[in-house]
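Trainee: Could you take me on a close look at one part of this protein, the largest nonpolar core? I would like to know which residues and elements build it.

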Amino acid sequence: MPTLIEPTTALYSAWLDAHLEWGPGLHEDGFGLLPSDVVTSPAGFSTWVTRLLSESGSTATHHETGYRCIYRWIVDQDAVVGGIALRTGDRQLIQKAGHIGYGIRPSARGRGLATWALSQILDIAQELCIDRVLLVCEADNGASATTIQRNGGVPESIEDPEGPLRRYWIAIR
């Protein structure tokens, strides 16, 4: 059974396995990776995890963007299978990227993990008294659109500022 956990250095090897499966680039949505993060060394990984935890704290706001982001890793049987993030604060960033971003490693896709993780992070949003959340996905990402819709996502629009994007709102119950 999967669980959502805070980022931890204890899962360095398991996280690195997932990272290597994705391959090069910054396409691991939900993990908060920045181009400046060096996650392939234990010291760099530790620095990155420390940053994620500091941005997730109850009074935290990221010093560069003014937003708070709660990061959780999706873990199943000691394997890191994905990541999910709940953004609050910076309205401009949220309008562009949404309140929630997530990603599932390629070998773990198609098992309902994203749908489950999204439902879990919606519970955290409710605890923060957020009334509704915006989710954004690429227009051709049918799996993500289905995940959002299974969690009550209502389509708002398809926009094309940098490529076609679907925008959905989910009301928090």
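Mentor: Happy to; here is a walk from the overall fold into that core. Keep in mind as we go that this is a predicted model. The protein has five helices and seven strands, and from the N terminus on these elements run β-α-α-β-β-α-β-α-β-α-β-β. Of the 173 residues in the protein, 50% are buried.

Now to the part you asked about. The largest nonpolar core has 26 residues, and those with the most contacts inside it are Ile100, Leu118, Val133, Leu135 and Ile148. At least two residues of this core come from each of these elements: strand 2 (68-76), strand 3 (79-88), strand 4 (100-104), helix 4 (113-127), strand 5 (132-138), helix 5 (142-150) and strand 7 (165-171). Among the contributors, helix 4 gives the most, with eight residues.

Leu118 is a good residue to zoom in on. Leaving aside residues up to four places away in sequence, Leu118 touches Ile84, Ile100, Leu135, Thr147, Ile148, Asn151 and Ile170. Apart from this core lies another one, of 20 residues, including Leu11, Phe31, Val75 and Val80.

Two totals help to set the scene around the core. Among contacts in the protein with a separation of 6 or more, 56% are between residues 24 or more positions apart. On the outside, the accessible surface of the protein comes to about 9000 Å², and 51% of that belongs to carbon and sulfur atoms.

Technical notes:
Residues numbered from 1 in each chain as written. Predicted model: local features only at pLDDT ≥ 70, side-chain atom pairs only at ≥ 80, totals over all residues. Heavy atoms only, no water. Core = buried A, V, L, I, M, F, W, Y, C linked by side-chain atoms within 4.5 Å. Buried < 20%, exposed > 50% of the residue type's maximum accessible area, 1.4 Å probe, protein only. Helix = DSSP H or I, 4+ residues; strand = E, 2+ residues; numbered from the N terminus. Contact = heavy atoms within 4.5 Å. Areas by Shrake-Rupley, 256 points an atom, 1.4 Å probe, with all protein chains shown as cover.
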